Amino acid sequence: KITQHFSDLRIDLATPEGVAMFQSGAVWAELQSSQSSARLRNIMQCLRKTGRALNQSAPRGFRLKREGKKSYLEPDQDERTIMARIEHLREVERLTWPETVEAILEGMGKDGPEAPRVQRRLEGRAPGTQELVLRHYLKSWKKLLAETAQKRPAKYQAIRDERGLEG
């Protein structure tokens, strides 16, 4: 149950007219909130369509590219390679999360991709936190693949076939 306390409404809530005034105020406040949310959704949708950054941090698998005052998202191939490697280790090789963390840390920077953002998120963290970071990367990778599947089904299937994954 939600309760609110008003110090000086100047409306008598003991009368039907007072209750009606109070309820109509709530209706107008809800309308204003809904309109504001709709405007924000439209702005975000336009930014997404043009490839512009929505905030000051890039989602996993992308990096921010700044041109003057505008920021654009650009694919980060090294990070995407690590995301695909996490998926491969978990779903094809069937490694546990601790084994996956170890394999990713060993392969990073040697012959594999250099992804400073991934390294920063993993190094110096407790093992459980490292596993959580990789779980987030795997979830982001699957979301990225799902979006690709919707927009370009042939490219999505080519990625899945290349990685030896089903579905």
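What share of the 167 residues in the chain is buried? I looked that up before anything else, and buried residues come to 24%. A reminder to myself: this is a predicted model.

**Confidence**

I checked how far the predictor trusts its own work. The chain averages a pLDDT of 80, and 83% of the residues score at least 70. Confidence is highest in helix 1, at 88. It is lowest in helix 6 (residues 153-163), where the mean is 64. I'll read helix 6 with that mean of 64 in mind.

**Layout**

Next I went through the elements. I found six helices and two strands in the chain. Starting at the N terminus, the order is α-β-β-α-α-α-α-α, so I read helix 1 as coming ahead of both strands under the numbering from the N terminus. For contacts with a separation of 6 or more, 38% are between residues 24 or more positions apart. I also noted the accessible surface: about 12200 Å² for the chain, with 52% of that belonging to carbon and sulfur atoms.

**A nonpolar patch**

Which residues make the nonpolar surface patch? I got F6, L9, L13, V19 and F22, together covering about 380 Å². I picked L13 for a closer look. L13 sits in the segment before helix 1 (16-50). Its relative accessible area is 42%, so I put L13 down as partly exposed.

**Salt bridges**

How many salt bridges does the structure hold? The count is five. As a general point, side chains of opposite charge can pair when their charged atoms come close. I took the pairs one at a time.

- K65 and E67 form a salt bridge, and their closest N and O atoms are 3.7 Å apart. K65 is partly exposed at 38% relative accessibility, and E67 is partly exposed too, at 45%.
- R85 and E93 also meet through their side chains, at 3.8 Å from N to O. I have R85 as partly exposed with 37%, and E93 as partly exposed with 39%.
- E91 and K142 make a salt bridge at 2.5 Å, N to O. E91 belongs to helix 2 (residues 77-92) and K142 to helix 5 (residues 127-151), so this pair ties together parts that are 51 residues apart in sequence. E91 is partly exposed at 26% relative accessibility, and K142 is partly exposed at 39%.

Then there is a network: R63, E74 and D76 are joined by salt bridges that share partners.

**The odd one, E131**

I saved E131 for the end. Is E131 buried or exposed? E131 is buried, and yet it has no salt bridge. Its place is in helix 5, the helix that also holds K142. The nearest side chain of opposite charge is R135, and it is 4.7 Å away. A salt bridge here needs a nitrogen within 4 Å of a carboxyl oxygen, so at 4.7 Å R135 does not make one with E131.

What is E131 in contact with, leaving aside its neighbours within four places in sequence? I wrote down W97, P98 and V101.

**Where I left off**

My two bookmarks are the E91 and K142 pair, which links helix 2 with helix 5, and E131, which is buried without a salt bridge.

Note on methods
Residues are numbered from 1 along each chain as its sequence is written. Side-chain values use heavy atoms; hydrogens and water are left out. Patches are made of residues with over 30% relative accessible area and no salt bridge: like charges are joined within 9 Å, nonpolar side chains (Val, Leu, Ile, Met, Phe, Trp, Tyr) within 5 Å. Accessible areas come from the Shrake-Rupley method with a 1.4 Å probe; for residues, only the protein chains shown count as cover. Helices (H or I, at least four residues) and strands (E, at least two) are DSSP runs, numbered from the N terminus. Buried means under 20% relative accessible area, exposed over 50%, partly exposed in between (1.4 Å probe, protein chains only). pLDDT is the predictor's confidence in each residue, from 0 to 100. Lys and Arg count as positive and Asp and Glu as negative; His and the chain ends are not counted. Contact means heavy atoms within 4.5 Å.
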